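Please look over the sequence and the model before reading on. The report is meant for someone meeting this structure for the first time.

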Amino acid sequence: MSATTSPSTSPLPRIRISGRSFLALTLTPEAPLEDWLSALDHQIARSAGFFAGKPIILDLGMLDAEAEHLSSLLSALKARGIRVIGIEGGDRTWPALADWDWPENFAGGRASAEIAIPEDSAPEAPAPRTLILETPVRSGQQVVWPDGDVVILGSVASGAEVSAGGSIHVYGPLRGRAIAGIGGNSDARIFTRALEAELVAIDGFYATAEEMDPEQTSKPAQVALSGETLTFFPLT
């Protein structure tokens, strides 16, 4: 005699339903659509990621059936990563919309105030850094430091070259070449305990040994840029 199996008396699992709200953005294109899409591209470039993953309601209320490029508008938005979940303000019978994959509109919903699109913050420029050299720069050596000032505790020999994005400070004699302000820093300066340089330059403007102020030669001096002219001052 076989055993009989009785129906399970276990309760069915509970179906849990809860609400969840999402903010849908409304995008309202204007004619001419070619210009509007260009403006949209510019905004996306300034606010990368703003539309990513956000549901969009496309409002065609400012367009009509004859708007140029209307037929390709929906595909143009999809190509830009804009996810359209509903369309309003237009008419499905417009010939230009015949091939659209028209999503069903959501019931309800209240309009809110216009949303300001935040712009991406420009990356902060790295803080200037100072390169400190505790040994002399010998003949034939080349020092290039575009990130800030260069401080040399010794001398710069004839035939050596020092280039800096900021100022150059030489605590001994400067006999080689000193090129400050590379990259467009016209406020950079050159300081030395004895100006005997072959060439000094700031922001692309230079002076050779023959063009330097003889009153400052072999003395503590500083070099600055005034307009497009290098000026020489005593260093006190």
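The sections below go from the overall picture to the sheets, the cores and a few individual residues.

## Overview and confidence

This is a predicted model, and its average pLDDT is 83, with 82% of the residues scoring at least 70. Among the elements, mean confidence is lowest in strand β1 (residues 25–27), at 84, and highest in β6, at 97. Where pLDDT is low, the predicted coordinates should not be read in detail.

The protein contains two helices and 14 strands. Of its 236 residues, 35% are buried, and the accessible surface comes to about 15,400 Å², with 51% of that area belonging to carbon and sulfur atoms. When contacts with a separation of 6 or more are considered, 37% of them join residues 24 or more positions apart.

## The sheet of five strands

One open sheet has five strands in the order β5-β7-β9-β11-β12, and its pairing is mixed. Its edges are formed by β5 (142–145) and β12 (205–208), each of which pairs on one side only. On average, neighbouring strands in this sheet are turned by 5 degrees against each other, direction ignored.

At one edge of the order, β5 and β7 run parallel and are joined by four bridges, and Val 143 has Val 162 in β7 as its bridge partner. The side chains along β5 alternate, so that Val 143 and Trp 145 point to one face and are buried, while Gln 142 and Val 144 point to the other face and are not buried. Elsewhere in the sheet, β9 (residues 177–180) pairs with β11 (residues 199–202) in the parallel sense over four bridges, and Ala 178 has Val 200 in β11 as its bridge partner.

## The sheet of six strands

Another open sheet has six strands, ordered β4-β6-β8-β10-β13-β14, again with mixed pairing. Here the edge strands are β4 (131–133) and β14 (229–234), each pairing on one side only. Neighbouring strands of this sheet are turned by 20 degrees against each other on average, direction ignored.

Within this sheet, β8 (residues 168–174) and β10 (residues 190–195) pair in the parallel sense over five bridges. Val 170 stands opposite Thr 192 of β10.

## Nonpolar cores

Which residues have the most contacts inside the largest nonpolar core? They are Leu 174 and Val 200, in a core of 29 residues. Leaving aside neighbours within four places in sequence, Leu 174 is in contact with Val 156, Ile 190, Thr 192, Ala 194, Leu 195, Glu 196, Ala 197 and Val 200. Apart from the largest core lies another core of 24 residues, among them Ile 56, Leu 58, Leu 70 and Val 84.

## A buried serine in a loop

Ser 155 is found in the loop between β6 (150–152) and β7 (161–164). Is Ser 155 buried or exposed? Its relative accessibility is 19%, and because the cut-off for buried is under 20%, Ser 155 counts as buried. Not counting residues up to four places away in sequence, Ser 155 touches Pro 136, Val 137, Val 170, Gly 172 and Pro 173.

## Backbone details worth checking

Most residues other than glycine have a negative phi, and most peptide bonds are trans. Against that background, three places in the loops can be looked at in turn.

The peptide bond from Ala 31 to Pro 32 is cis, with omega near -5 degrees, and Pro 32 has its place in the loop between β1 and α1 (33–46). Asp 203, which is not a glycine, has a positive phi of about 50 degrees and is located in the loop between β11 and β12. With a relative accessibility of 25%, Asp 203 counts as partly exposed, because that class covers values between the cut-offs of 20% and 50%. Ser 218, also not a glycine, has a positive phi of about 65 degrees, and Ser 218 lies in the loop between β12 and β13 (221–226). At 44% relative accessibility, Ser 218 likewise counts as partly exposed.

Conventions. Residues are numbered from 1 along each chain as its sequence is written. This is a predicted model: local features need pLDDT of at least 70, side-chain atom pairs count only at pLDDT 80 or more; totals for chains, interfaces and linings use all residues. Side-chain values use heavy atoms; hydrogens and water are left out. Buried means under 20% relative accessible area, exposed over 50%, partly exposed in between (1.4 Å probe, protein chains only). Contact means heavy atoms within 4.5 Å. Two strands pair if DSSP finds at least two bridges between them. Axes are lines fitted to C-alpha atoms, for helices over the stretch in contact, and angles run from 0 to 180 degrees between N-to-C directions. Accessible areas come from the Shrake-Rupley method with a 1.4 Å probe; for residues, only the protein chains shown count as cover. A nonpolar core is a set of buried Ala, Val, Leu, Ile, Met, Phe, Trp, Tyr and Cys residues joined through side-chain atoms within 4.5 Å. pLDDT is the predictor's confidence in each residue, from 0 to 100.
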